[in-house]
Amino acid sequence: MMKFRWISGITAFCLAVSAICVGTHFSAATASAEEPIRILAMGDSITDGYINGDNGYRKYFCYDMQQKGITNFDMVGPQNNWTNTATYTMSDGTVITYDPAHAGYSGYTIQKTDGSSRSGLRETIFDTTYYDSNTSGNMLEVYDPNIIMLQIGTNDVLDACNDGITDRLESLIDAILPYLDEDGDMLFVSTIPDIDVAQRLDWLGAYTWKYGLDYTSDPETFTAKVQESIDTYNQSIAELVAKKQAAGEKIRFADVHSVVDVQTGLQDGVHPNEAGYACMGEHWADLISSYLTETPSTSTTTTTATTTSETTETTTTTETTSLTTESTTETTSETTTESTTSETETSAEETTISTSETTVTTTEPTSQKGDVNLDGTVQIADAVKLFRYLLGEEPLSAAAYDQAELTGDGLVNGFDLAFLKQQLFR
């Protein structure tokens, strides 16, 4: 099947960090390919849309994409694929029209594990035969997605199946990536939201028999263990994505955890409410639209040369001062200012050749946490640089890495980006 062709010449760049956008421009022509961009939302009940049966975040994702001028896309998958059009009325009366197809399965883990009665997403993708448009095969062969939005692992954490959880995710990712074989194909892998332990204690019994914890007698230790499991898994996702990017794989990081608030964004302690789903949909739309409209980063170095000028005039005094800033793509950002002053005095019928003296002054910026580009201030540009580092598009120097490490865990990942975003908002 012919896949879409990327549109060249788009001059947009968007920083997809929740609501932080820089130089955003969305063109209606972004998705004007011969065939629509095929997007597969894949995961567990949070992708399925557990609350209210209204397709969770996916309806908001479709709406937000449309608002950004990206309309030529097709949500695909074996679930809800009997129609391309569904509607939902938001609380303000706005009617959303969206494509409900997906691959979200309530109660599923990353893959089938020994001793668990839960089904695995990996087996569902690759060990089941699907049929669509006279095509049969596994899920990826039949639905042939260009973009996959993967969020999975909440049920693994609920069941305290924390040992080997990242290995299982990596195994799933490694099985998916070979199917993204066309230019522009991309896998986005997301973190999972927090769990409200006090509200959803009935689903966390495994932490009692596996770790010997008792919520009634020691709620703080019990809650801390669940939170540790979530945080460790989410951090490992960011590190896994970075590792795969470094190996040249078509993969990017998504951070749903950063946009679903445990106090205001959950319906039942695990699944988002409509407000939480709306935040998820916006986050996914920011990521996908930014990816579809971005242009490859280019490096530009400006080189200047001092020239010798020969002048023949009658009694002329000329004073010239030039200020040149050389822009380079070195990992340590510095600004070098060259000041050149030449003074030429000539008398009648006298020829003088002027020479230039150059003084180079380098100013070291003041260092502070969050100043990723080392220019002495913490601004959106620092979030842009950190974001591009996490995408594997540019490196960080040792000094920049130190400024980007904001959470105190010694690692630079999506959590530092979320922290920097909060810092900028404040």
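Strands E3 and E4 (residues 95-98) run antiparallel to each other and are paired through four bridges. Keep in mind, as you look around, that this is a predicted model. This briefing starts with that strand pair and then turns to the salt bridges, of which the count is 14. Side chains of opposite charge can pair when their charged atoms come close.

**The hairpin of E3 and E4**

- Five residues sit between the two strands of this hairpin, and Gly93 has a positive phi near 95°.
- Across the pair, Ala86 faces Tyr98 of E4.
- Strand E3 covers residues 86-89, and its two faces are not alike: Ala86 and Tyr88 make up the covered face, while Thr87 and Thr89 make up the uncovered one.

**A salt bridge between two strands**

- Arg38 and Asp74 join their side chains in a salt bridge, with 3.7 Å from N to O.
- This pair connects distant parts of the chain, as Arg38 belongs to strand E1 (residues 37-43) and Asp74 to strand E2 (residues 73-76), 36 residues apart.
- Are these two partners buried or exposed? Arg38 has a relative accessible area of 14%, so it counts as buried. Asp74 is buried as well, because its relative accessibility is 18%.

**A salt bridge between two loops**

- Another salt bridge brings Arg118 and Asp159 together, and their closest N and O atoms are 2.5 Å apart.
- Arg118 is found in the loop between strand E5 (103-104) and helix H3 (121-126), and Asp159 in the loop between helix H5 (154-158) and helix H6 (165-176), so this pair ties together parts that are 41 residues apart in sequence.
- Arg118 is partly exposed, at 22% relative accessible area, whereas Asp159 is buried, at 19%. The cut-off for buried is under 20%, which means that these two values fall on opposite sides of it.

**A salt bridge within one helix**

- Which residue does Glu228 pair with? The partner is Lys225, with the closest N and O atoms 3.7 Å apart.
- Both residues belong to helix H8 (residues 219-246), and because they are three residues apart, about one helical turn separates them.
- Glu228 is partly exposed, with a relative accessible area of 43%, and Lys225 is also partly exposed, with 23%.

**A network of charges**

- Salt bridges can also be followed through a group of residues here: Glu170, Asp174, Lys243 and Lys244 are linked in a network.

Notes. Residues numbered from 1 in each chain as written. Predicted model: local features only at pLDDT ≥ 70, side-chain atom pairs only at ≥ 80, totals over all residues. Heavy atoms only, no water. Salt bridge = Lys/Arg side-chain N within 4 Å of Asp/Glu carboxyl O. Buried < 20%, exposed > 50% of the residue type's maximum accessible area, 1.4 Å probe, protein only. Pairing = 2+ DSSP bridges.
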